[in-house]
Amino acid sequence: HSLGNTQSQKANQMLLHLLAEQKSSSVRLAAVYALRYSTGTVEVQNALCHALESDPSEELTEMVLRSLIAGAESNTKPINDQFFETIVTAVNRNNAELKMLLAYYIH
């Protein structure tokens, strides 16, 4: 949180680019987690939504949920409907643990 506004925007751009371009799942996971305090922006939500649509794996779904939970304190706005639906779809494909995480996020 010590970055200035333009610096953090530049950092986000880099992370969004990594998320979109990277084939390596570990890099994508790291990018998702690094974006956790920016989950209130439409741009980040769209990027996470797109990432989940192309890779609804358990790891990525869990990381997206953990990022949303971590960012929830600094981000009071609700996420957009399409993103929410994508998360629910991904969670339903996976395990009960993820359903617990989703329930925790919603409440």
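**Helix packing and the nonpolar core**

The crossing of helix 1 and helix 2 is left-handed, where a left-handed crossing is one in which the near helix is turned anticlockwise from the far one by less than a right angle, and a right-handed crossing one in which the turn is clockwise. The structure is a predicted model, in which local features need pLDDT of at least 70 and side-chain atom pairs count only at pLDDT 80 or more, whereas totals for chains, interfaces and linings use all residues. Residues are numbered from 1 along each chain as its sequence is written, and side-chain values use heavy atoms, with hydrogens and water left out. Helices are DSSP runs (H or I, at least four residues) numbered from the N terminus.

Helix 1 (residues 5-21) packs with helix 2 at an angle of about 145 degrees, the two axes being 9 Å apart; axes here are lines fitted to C-alpha atoms, for helices over the stretch in contact, and angles run from 0 to 180 degrees between N-to-C directions. On the side of helix 1 the contact (heavy atoms within 4.5 Å) is made by Leu15, Leu18 and Leu19, which meet Val27, Arg28, Ala31, Val32 and Ala34 in helix 2. By class, this contact of helix 1 with helix 2 comprises seven nonpolar residues, no polar residues and one charged residue, with Ala, Val, Leu, Ile, Met, Phe, Trp, Tyr, Cys and Pro counted as nonpolar, Asp, Glu, Lys and Arg as charged, and the others, Gly among them, as polar.

Helix 2 (25-34) also packs with helix 4 (58-71), at an angle of about 15 degrees and with the axes 8 Å apart. Helix 2 and helix 4 are therefore roughly parallel to each other, given that angles under 35 degrees count as roughly parallel, over 145 as roughly antiparallel, 65 to 115 as roughly perpendicular and the rest as oblique. The crossing of helix 2 and helix 4 is right-handed. Here Leu29, Val32 and Tyr33 in helix 2 meet Glu59, Leu60, Met63, Val64 and Ser67 in helix 4, a contact that has six nonpolar residues, one polar and one charged. Ser25, which also lies in helix 2, is partly exposed at 43% relative accessibility, where buried means under 20% relative accessible area, exposed over 50%, and partly exposed in between (1.4 Å probe, protein chains only). Although Ser25 and Ser57 are 32 residues apart along the chain, their C-alpha atoms are separated by 9.8 Å.

A third pairing joins helix 3 (42-54) to helix 5 (81-93), whose axes come within 9 Å and cross at roughly 30 degrees. Helix 3 and helix 5 are therefore roughly parallel to each other, and helix 3 passes helix 5 in a left-handed crossing. Gln45, Leu48, Cys49, Leu52 and Glu53 in helix 3 meet Gln82, Phe83, Thr86, Ile87 and Ala90 in helix 5, and the residues of this contact divide into six nonpolar, three polar and one charged. Cys49 is buried, with a relative accessible area of 4%; leaving aside neighbours within four places in sequence, Cys49 is in contact with Gln82, Phe83 and Thr86.

Ala47, likewise placed in helix 3, counts as buried at 19% relative accessibility. With neighbours within four places in sequence again left aside, Ala47 is in contact with Leu16 and Leu19, while Ala47 and Thr86, 39 residues apart in sequence, are 12 Å apart in space from C-alpha to C-alpha. In the loop between helix 2 and helix 3, Ser38 counts as buried at 14% relative accessibility and, beyond its neighbours within four places in sequence, is in contact with Asn12 and Val44. The C-alpha atoms of Ser38 and Cys49, eleven residues apart along the chain, are separated by 14 Å.

In soluble globular proteins, nonpolar side chains tend to be buried together. The largest nonpolar core (a set of buried Ala, Val, Leu, Ile, Met, Phe, Trp, Tyr and Cys residues joined through side-chain atoms within 4.5 Å) has 27 residues, of which Leu19, Val64, Phe83 and Ile87 touch the most other members. Helix 1, helix 2, helix 3, helix 4, helix 5 and helix 6 (96-106) each supply at least two residues of this core, and the largest share, six residues, comes from helix 3. Not counting residues up to four places away in sequence, Ile87 touches Leu52, Val64, Leu65, Leu68, Ile79 and Leu102.
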